[in-house]
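Biologist: Please take a close look at one part of this model, the charged side chains that pair with one another, and set them in the context of their surroundings.

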Amino acid sequence: MRVHDREPIGAALRRFKKLVERSGLKRELRAHEYYEKPCEARSRKEAKRRSAIKKAALGKPVKKERAY
């Protein structure tokens, strides 16, 4: 990211934060903050799937997982 001439630091920082948020880098860092065993990952995904099924049965919208 390039900072434009005469651009305030606050505006450049805000642009940088938006860029990082949109790229999914923050989410990726949080996911790799600590090691997750494969069995824990499977059980988390299974719980998420069950939750989505319950929500669908109640007629609530389900969030789609992004593939970054």
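**Charged pairs and their surroundings**

Modeller: In this predicted model, Arg15 counts as partly exposed, because its relative accessibility of 32% lies between the limits of 20% and 50%. The partner of Arg15 is Glu7: their side chains meet in a salt bridge, with N and O 3.1 Å apart. In general terms, side chains of opposite charge can pair when their charged atoms come close.

The acidic partner has a different setting from the basic one, and it deserves a fuller description. Glu7 is located in the segment that precedes helix 1, the helix of residues 9–23. With a relative accessible area of 16%, Glu7 falls under the 20% limit and is therefore classed as buried. The side chain of Glu7 also has a polar atom 3.0 Å from the backbone nitrogen of His4. The side chain of Glu7 is thus placed by two descriptions: the salt bridge to Arg15, and the 3.0 Å approach to the backbone nitrogen of His4. When residues up to four places away in sequence are set aside, Glu7 touches Ala12 and Arg15.

The segment before helix 1 holds another residue of interest, Arg6. Its relative accessibility is 87%, which is over 50%, so Arg6 counts as exposed. The backbone of Arg6 is also notable, since this residue is not a glycine and yet has a positive phi of about 60 degrees.

A nonpolar feature also belongs to the surroundings. Met1, Val3, Leu13, Phe16 and Leu19 form a nonpolar patch on the surface, and together they present about 480 Å² of accessible area. One member of this patch, Leu13, is found in helix 1. Leu13 has a relative accessible area of 44% and so is partly exposed.

Beyond the pair of Arg15 and Glu7, the whole structure contains five salt bridges according to the search. One of them joins Arg44 to Glu36, the closest N and O atoms being 2.9 Å apart. Arg44 is partly exposed, at a relative accessible area of 43%, and Glu36 is also partly exposed, at 26% relative accessibility.

A further salt bridge links Arg49 with Glu46, where the closest N and O atoms are 2.6 Å apart. Both residues lie in helix 3, and they are separated by three residues, about one turn of the helix. Arg49 counts as partly exposed at 44% relative accessibility, and Glu46 counts as partly exposed at 29%. This pair belongs to a wider arrangement, since Glu46, Arg49 and Arg50 are linked in a network of salt bridges.

The geometry of helix 3 itself can be checked against expectation. This helix comprises 21 residues, 38–58, which at 1.5 Å a residue should span 30 Å; the end C-alpha atoms are 30 Å apart, so the two values agree. After helix 3 comes Gly59, which has a positive phi near 90 degrees.

To return to the starting point, Arg15 is partly exposed at 32%, whereas Glu7, the residue with which it forms a salt bridge, is buried at 16%.

Notes:
Residues are numbered from 1 along each chain as its sequence is written. This is a predicted model: local features need pLDDT of at least 70, side-chain atom pairs count only at pLDDT 80 or more; totals for chains, interfaces and linings use all residues. Side-chain values use heavy atoms; hydrogens and water are left out. Helices (H or I, at least four residues) and strands (E, at least two) are DSSP runs, numbered from the N terminus. Buried means under 20% relative accessible area, exposed over 50%, partly exposed in between (1.4 Å probe, protein chains only). A polar contact is a pair of N or O atoms within 3.5 Å; within protein, one must be able to donate a hydrogen and the other to accept it, and residues adjacent in sequence count only if both atoms are side-chain atoms. Contact means heavy atoms within 4.5 Å. The expected span of a helix is 1.5 Å times one less than its number of residues. Patches are made of residues with over 30% relative accessible area and no salt bridge: like charges are joined within 9 Å, nonpolar side chains (Val, Leu, Ile, Met, Phe, Trp, Tyr) within 5 Å. Accessible areas come from the Shrake-Rupley method with a 1.4 Å probe; for residues, only the protein chains shown count as cover. A salt bridge is a side-chain nitrogen of Lys or Arg within 4 Å of a carboxyl oxygen of Asp or Glu.
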